[in-house]
Amino acid sequence: MVGTPELERGSGVPAHVQIERWLLESISSGALAPGERLPGERELAADLGVSRMTLRQALATLERDGVLVRLPGRSGGAFVAEPRIECDLTGLAGFTEQMRRAHLRAEARVLVAATVPASRRVAAALRAEAGTPVHEVSRVRSAGGAPVALERSFFPALPGFLEQDLGGSLYALLSDRYGLGPATAVEHLDPVTARPAEAAELGIAPGAPLMLIERTAYAADGTPVEYARDLFRPDRVRISVRSGVTA
């Protein structure tokens, strides 16, 4: 780690803000690498000439922004977070395509692949009667070997769907085998917290923040082909949407 800076007293910029800026610059310049552990709070506060309370204020802000990860215990501490993966919702690219754009290998671990009766919510999204058989596919999605999302999707009961390879792009499967590639979608984003089972699959603590994306996807002719509730780790994934002005 690079040497600590001389904080400017009386500059009008609070000490914790100066510490935040220094750490951000150190990370962006490569002086602090992803996964690197910062010195202990007592040591770092002494080197900076500030109280541990002031240092903790800076670390808490960077943790909230996803720049640092703080772990408890003797082997814990503050670590530089892995850079977040950009996921652009604008073009309806699936997870596999998003990871390809980020030059990462997308992986999937199938948790559920079954035909189930549609709940009222699923049925409404797929324009079917409640109780109609639909295919449910739930998967843990990983990038670079680390779990980043938990997908739960429902599809019309297409023949032979569950016998196909469900470890790759399901959108490509819909398109190539059934001619039902998603062309448009309506998506809603909501912040939620991880329930114990979700946390266990994603390798995070129960109660940790997650981003829920609820989506109904449609084929080119307007037929609904997927209803999904995907949970993303906001410490690993950054959701973006491009917009523009139309005449």
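**View 1. The pairing of strands β1 and β2 in the antiparallel sense.** In this predicted model, strand β1, which covers residues 68-71, runs alongside strand β2, residues 77-80, and the two pair in the antiparallel sense over 4 bridges. One residue pair can be picked out by name, since the bridge partner of Arg-70 in β2 is Ala-78. The two strands form a hairpin, with 5 residues lying between them, and in the turn Gly-73 has a positive phi of about 95 degrees.

**View 2. Arg-141 and its polar contact with Glu-151.** Arg-141 is found in strand β5, a strand that takes in residues 133-143. In a regular strand the side chains alternate between the two faces of the sheet. The relative accessibility of Arg-141 is 1%, and because buried means under 20%, this residue counts as buried. The side chain of Arg-141 also makes a polar contact with the side chain of Glu-151, at 3.5 Å.

**View 3. The chain that surrounds these details.** The secondary structure of the chain comes to 7 helices and 10 strands, and along its principal axes the C-alpha trace spans about 70 × 50 × 30 Å. Of the 247 residues of the chain, 39% count as buried, while the accessible surface comes to about 13,400 Å², of which 52% belongs to carbon and sulfur atoms. Among the contacts in the chain with a separation of 6 or more, 56% are accounted for by residues 24 or more positions apart. The chain carries 28 positive and 30 negative charges, and the mean positions of these two sets are 3 Å apart.

How values were computed: Residues are numbered from 1 along each chain as its sequence is written. This is a predicted model: local features need pLDDT of at least 70, side-chain atom pairs count only at pLDDT 80 or more; totals for chains, interfaces and linings use all residues. Side-chain values use heavy atoms; hydrogens and water are left out. Two strands pair if DSSP finds at least two bridges between them. Buried means under 20% relative accessible area, exposed over 50%, partly exposed in between (1.4 Å probe, protein chains only). Contact means heavy atoms within 4.5 Å. Accessible areas come from the Shrake-Rupley method with a 1.4 Å probe; for residues, only the protein chains shown count as cover. Lys and Arg count as positive and Asp and Glu as negative; His and the chain ends are not counted. The place of a charge is taken as NZ of Lys, CZ of Arg, CG of Asp or CD of Glu. A polar contact is a pair of N or O atoms within 3.5 Å; within protein, one must be able to donate a hydrogen and the other to accept it, and residues adjacent in sequence count only if both atoms are side-chain atoms.
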